[in-house]
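Grab a pencil and have the structure open beside you. Try each exercise on your own before you read the solution under it.

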Amino acid sequence: MAVIREDDFVASVADALQFISYYHPADYIRHLTAAYEREESTAAKEAIAQILVNSRMAAIGHRPMCQDTGVVNAFVAVGLEARVETKACIEDLVNEGARRAYLDAGNPLRASIVADPLFSRGNTRDNTPAVVHTSVVPGDRVTITLMAKGGGSENKARFAMLNPSDSVADWVVRTVEALGAGWCPPGMIGLGVGGSADMAMLMAKQALFEPIDMQDLLQRGPASKEEELRIELYRRINALGIGAQGLGGLTTVVDVKLRTHPTHAASMPVGLIPQCAANRHITFTLDGDGPATFTPPALADWPQIALDRTADTARRVDLDTLTRAEIARWRPGEKLLLSGRLLTGRDAAHKRIADMKARGEPLPVDFTGRVIYYVGPVDAVGDEAVGPAGPTTATRMDKFTEMMLAETGLIAMIGKAERGQEAIDAIARHRAAYLIAVGGSAVLVSQAIRQARRVAFEDLGMEAIYEFTVEDMPVTVAVDAAGQSVHRLGPAEWRRRIAAAAD
């Protein structure tokens, strides 16, 4: 009988969560590099390049690859003949490991969990509790799979109870087409088909742990109906032309994973969960011989890419003197390098601002002529001005856009992914602009931030309002002052190109 010490269990969970915060799995790097090499869209190729460069920087610096360090998902399989030497339950051990990992002074991870999902939504400050699934299996070991799942991709999870005669493939393609880019492609799609409603969603998430092997599968050909379906979906989803970050291109997914289970004759439950570019998961086994150890991927696994930041290919913008007249000259897809001061704010800050405006209360920050960045940064360490600080999904702020532009003097916004029609109409009405930074490039973006200070709503934790001073922060014009959206123009163009090439 293997006896696993409590300290070894907790330490292994903590070490694993730290490990996956800054190391991508090697299979994802290999497939993303292949996507970069074959990409023909200039905008998408640049976005993939930033993700790969950011990934290498995170690996070298041991800092989170994405500012959203995720909800901890733990799948714990306890062998029938194993004994965990503890008086605590498995959930408590996982939570203690998560707490240690997220509060680690050398590499603090962002605390994103709110205790009350309905009302107060106060941050727990240590990213606990985790979501824990425990099973009992044959053997004398404990095997743990950990995933740190970001909110942008988790928010795009979908479920359907199809009729047995319906096409699962057609539903998946329609669903992915409607997701937009808030889940940060290129990534993976996990599918669970069968069982029950809850089991289908669980299988969809577990499917994402399987090795990425699509390029090998395409080379050798399918050996089963399930592999045929995976290939069909891989090709059909990429033919949508969504591309990296929704900018239009050849690769939206690097793989499609699938798990199935017997189901009721009247049912066809289908769960779909996207995995973003911050593909963080790891599996390890405890056998009573101390804590788990983890082997980093070799730096040679990353391609050597030099990003183009020259003035010849990007417009330089002084945020401290920015005017609506200058914004009116920007065009969708244009690259900008921002320097000067900008403000930050996301969901909770926008809600509080709206409530204060409704009550007629003065705001603690003047947004007149300012740019806001939708971000919740990681805490700084050492001589950092701020920790990793990539963008969050902008569509969550759509319902506040008219209020912010009409009532606060705001003139531009920065986030990731597309905007909805409500926000686009407001942007055009007020002759403002929406810019995007690349999701999955949090370390890279943070290198452009020279100073950071909290200026309002400190009680909101990572959702407080900061003022950043930035130098040459790379962004792309996503919606211009006329309401033209690169997230509509780009995918439409690349969908036409891909279709024409297939004829």
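## Exercise 1: Rings that meet

Start with one aromatic cluster, which is made up of Phe19, Tyr22, Tyr23, Phe284 and Phe294. Keep in mind that the model you're looking at is predicted.

**Task.** Find out how many aromatic pairs there are, and work out what kind of pair Phe75 and Phe209 form.

**Solution.**

Step 1. Counting ring pairs gives six aromatic pairs.

Step 2. To describe a pair of aromatic rings, you need the distance of the centres and the angle of the planes.

Step 3. For Phe75 and Phe209, the centres are 5.3 Å apart and the planes are at 75 degrees. An angle over 60 counts as edge-to-face, and edge-to-face is what this pair is.

Step 4. Now see where the two rings sit in the chain. Phe75 belongs to strand S2, while Phe209 is in the loop between helix H7 (197-207) and helix H8 (214-220). They are 134 residues apart, so the pair links distant parts of the chain.

Step 5. Are the two residues buried or exposed? The cut-off for buried is under 20% relative accessible area. Phe75 has 10% relative accessibility, so it counts as buried. Phe209 has 16%, so it counts as buried too.

Step 6. Try Tyr466 and Phe468 in the same way. Their ring centres are 5.8 Å apart and their planes are at 50 degrees, so this pair is tilted. Tyr466 and Phe468 are both buried.

## Exercise 2: Charges over rings

**Task.** Which ring does Arg352 lie over, and which ring has the charged end of Arg419 over it?

**Solution.**

Step 1. Look at Arg352: it lies over the face of Phe457, 5.0 Å from the ring centre.

Step 2. Move to Arg419. Its charged end sits over the ring of Tyr434, at 4.8 Å from the centre.

## Exercise 3: The largest pocket

**Task.** Describe the largest pocket: what lines it, and why does it lie where it does?

**Solution.**

Step 1. Begin with the volume, which is about 1,200 Å³ for the largest pocket.

Step 2. Its lining has 50 residues, and those nearest the centre are Ser112, Val114, Arg121, Arg346 and Glu463.

Step 3. Sort the lining by class and you get 18 nonpolar, 16 polar and 16 charged residues.

Step 4. Check which elements contribute. At least two lining residues each come from strand S2 (71-79), helix H5 (151-154), helix H11 (347-358) and helix H12 (398-407). H5 gives the most, with four residues.

Step 5. Bring in the domains. Domain 1 (151-277) and domain 2 (315-489) both give residues to the lining, so the largest pocket lies between them.

## Exercise 4: Closed spaces

**Task.** How many cavities of 30 Å³ or more are there, and which residues line them?

**Solution.**

Step 1. Searching the whole structure turns up two such cavities.

Step 2. The largest cavity holds about 40 Å³ of space. Asp27, Met188, Leu208, Glu210, Ile212, Lys257, Asn279 and His281 make up its lining. By class, that's three nonpolar, two polar and three charged residues.

Step 3. The second largest cavity has about 30 Å³ of space. Its lining consists of Leu17, Ile20, Ser21, Thr69, Tyr102, Leu109, Ala148 and Arg280. Here the classes are five nonpolar, two polar and one charged. Helix H1 (residues 6-22) gives the largest share, three residues.

## Exercise 5: Backbone oddities

**Task.** Where are the cis peptide bonds at Pro129 and Pro186, and what is phi for Asn127 and Ala417?

**Solution.**

Step 1. The bond from Thr128 to Pro129 is cis, with omega near 5 degrees. Pro129 is in the loop between helix H4 (90-102) and strand S4 (131-137).

Step 2. Pro185 and Pro186 are also joined by a cis bond, with omega about 10 degrees. Look for Pro186 in the loop between helix H6 (168-179) and strand S7 (187-195).

Step 3. Asn127 is in the loop between H4 and S4. Its phi is near 65 degrees, a positive value in a residue other than glycine. At 0% relative accessibility, Asn127 counts as buried.

Step 4. Ala417 has a positive phi too, near 75 degrees. You'll find Ala417 in the loop between strand S14 (412-415) and helix H13 (421-429), and at 3% relative accessibility it counts as buried.

Terms used:
Residues numbered from 1 in each chain as written. Predicted model: local features only at pLDDT ≥ 70, side-chain atom pairs only at ≥ 80, totals over all residues. Heavy atoms only, no water. 1 Å grid on protein atoms, 1.4 Å probe; cavity = no way out; pocket = protein on both sides within 12 Å on 5 of 7 lines; lining within 4 Å. Points joined across faces, edges and corners; volume = space filled by probe spheres on them. Nonpolar A, V, L, I, M, F, W, Y, C, P; charged D, E, K, R; others polar. Domains from an automatic or database assignment. Phe/Tyr/Trp six-rings, centres within 6.5 Å; stacked < 30°, edge-to-face > 60°. Buried < 20%, exposed > 50% of the residue type's maximum accessible area, 1.4 Å probe, protein only. Lys NZ or Arg CZ within 6 Å of the ring centre and 35° of its normal.
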